[in-house]
Amino acid sequence: MISCLRCEFGGCLGYGFHSDCTSSSIALPGWAVEMDFSPDSWDPTTDNHVAFHFNGRQDLPLGWSPIPSFSDQQWHQMNIQIQSSLLTILIDGQEFLTHE
């Protein structure tokens with residue numbers, strides 16, 4: 001079962017309000033890794049991308065990188081590594097994003 005305490009479909013990465021995802025006063029605390037294959041106007045690029053977000057701020061990713069479409073009907077492995085303040089995201093063994 002998927003639940004969302006304060007959200008609407010289509011925005012704020014599932015833990016903020018859709019009507020205003022840019023106000024840090026309404027977002028729930030936390031971080032999210034987004035794999036986006038349908039970029040919106042607030043995204044950092046019009047390409048497919050992986051991004052790292054904090055506190056529901058989908059308009060202000062701390063880091064992002066373009067990714068392939070992965071529309072090959074195959075399983076893909078995503079590895080998120082966190083060591084101290086370093087976040088690394090690998091997909092199928094290839095590093096796509098590093099943020100410190």
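Two strands pair if DSSP finds at least two bridges between them. Strands (E, at least two residues) and helices (H or I, at least four) are DSSP runs, numbered from the N terminus. What you have here is a predicted model, where local features need pLDDT of at least 70, side-chain atom pairs count only at pLDDT 80 or more, and totals for chains, interfaces and linings use all residues. Residues are numbered from 1 along each chain as its sequence is written, and side-chain values use heavy atoms, with hydrogens and water left out.

**Exercise 1. Get your bearings: how many helices and strands does the protein chain have?**

Solution.
- Step 1: The count is 0 helices and 6 strands.
- Step 2: Going along the sequence, you get the pattern β-β-β-β-β-β.
- Step 3: Now for the surface. Accessible areas come from the Shrake-Rupley method with a 1.4 Å probe; for residues, only the protein chains shown count as cover. The protein chain exposes about 6600 Å² of accessible surface, and 53% of that belongs to carbon and sulfur atoms.
- Step 4: Buried means under 20% relative accessible area, exposed over 50%, and partly exposed in between (1.4 Å probe, protein chains only). Of the 100 residues in the protein chain, 33% are buried.

**Exercise 2. Work out how E4, E5 and E6 fit together: in which sense do E4 and E5 run?**

Solution.
- Step 1: E4 and E5 run antiparallel, and 6 bridges join them.
- Step 2: Pick one spot to check: Gln 81 has Thr 88 in E5 as its bridge partner.
- Step 3: Follow Thr 88 across, and you find it opposite Thr 98 in E6.
- Step 4: E5 and strand E6 (residues 94-99) are also antiparallel, with 5 bridges. Ile 91, for instance, has Gln 94 in E6 as its bridge partner.
- Step 5: Look at the turns. E4 and E5 make a hairpin with 2 residues between them, and Ser 84 in that turn has a positive phi of about 60 degrees. E5 and E6 make a hairpin with 2 residues between them too, this time with Asp 92 in the turn at a positive phi of about 55 degrees.
- Step 6: Strand E5 (residues 86-91) has 5 of its 6 residues buried, so the rest of the structure largely encloses it.

**Exercise 3. Find the ring pairs: how many aromatic pairs are there?**

Solution.
- Step 1: Start with the rule. Rings of Phe, Tyr and Trp (its six-membered ring) pair if their centres lie within 6.5 Å; planes under 30 degrees apart count as stacked, over 60 as edge-to-face and the rest as tilted.
- Step 2: That rule gives 2 aromatic pairs.
- Step 3: Trp 31 and Phe 52 have ring centres 5.9 Å apart and planes at 50 degrees, so this pair is tilted.
- Step 4: Trp 31 sits in strand E1 (residues 31-36) and Phe 52 in strand E2 (residues 49-54), so the pair ties together parts 21 residues apart in sequence.
- Step 5: Check the cover on each: Trp 31 is partly exposed at 45% relative accessibility, while Phe 52 is buried at 10%.
- Step 6: Phe 37 and Phe 70 have ring centres 6.4 Å apart and planes at 90 degrees, so this pair is edge-to-face.
- Step 7: This pair links distant parts of the chain, 33 residues apart: Phe 37 is in the loop between E1 and E2, and Phe 70 is in the loop between strand E3 (63-66) and strand E4 (78-83).
- Step 8: Phe 37 is partly exposed, at 41% relative accessible area. Phe 70 has a positive phi of about 55 degrees although it isn't a glycine.

**Exercise 4. Trace the nonpolar patch: which strand gives the most to it?**

Solution.
- Step 1: Patches are made of residues with over 30% relative accessible area and no salt bridge; like charges are joined within 9 Å, nonpolar side chains (Val, Leu, Ile, Met, Phe, Trp, Tyr) within 5 Å. A salt bridge is a side-chain nitrogen of Lys or Arg within 4 Å of a carboxyl oxygen of Asp or Glu.
- Step 2: The nonpolar surface patch covers about 720 Å², and its members are Trp 31, Met 35, Phe 37, Phe 54, Leu 62, Met 78, Ile 80 and Ile 82.
- Step 3: E4 gives the most, with 3 residues.
- Step 4: Met 78 lies in strand E4 and is partly exposed at 32% relative accessibility.
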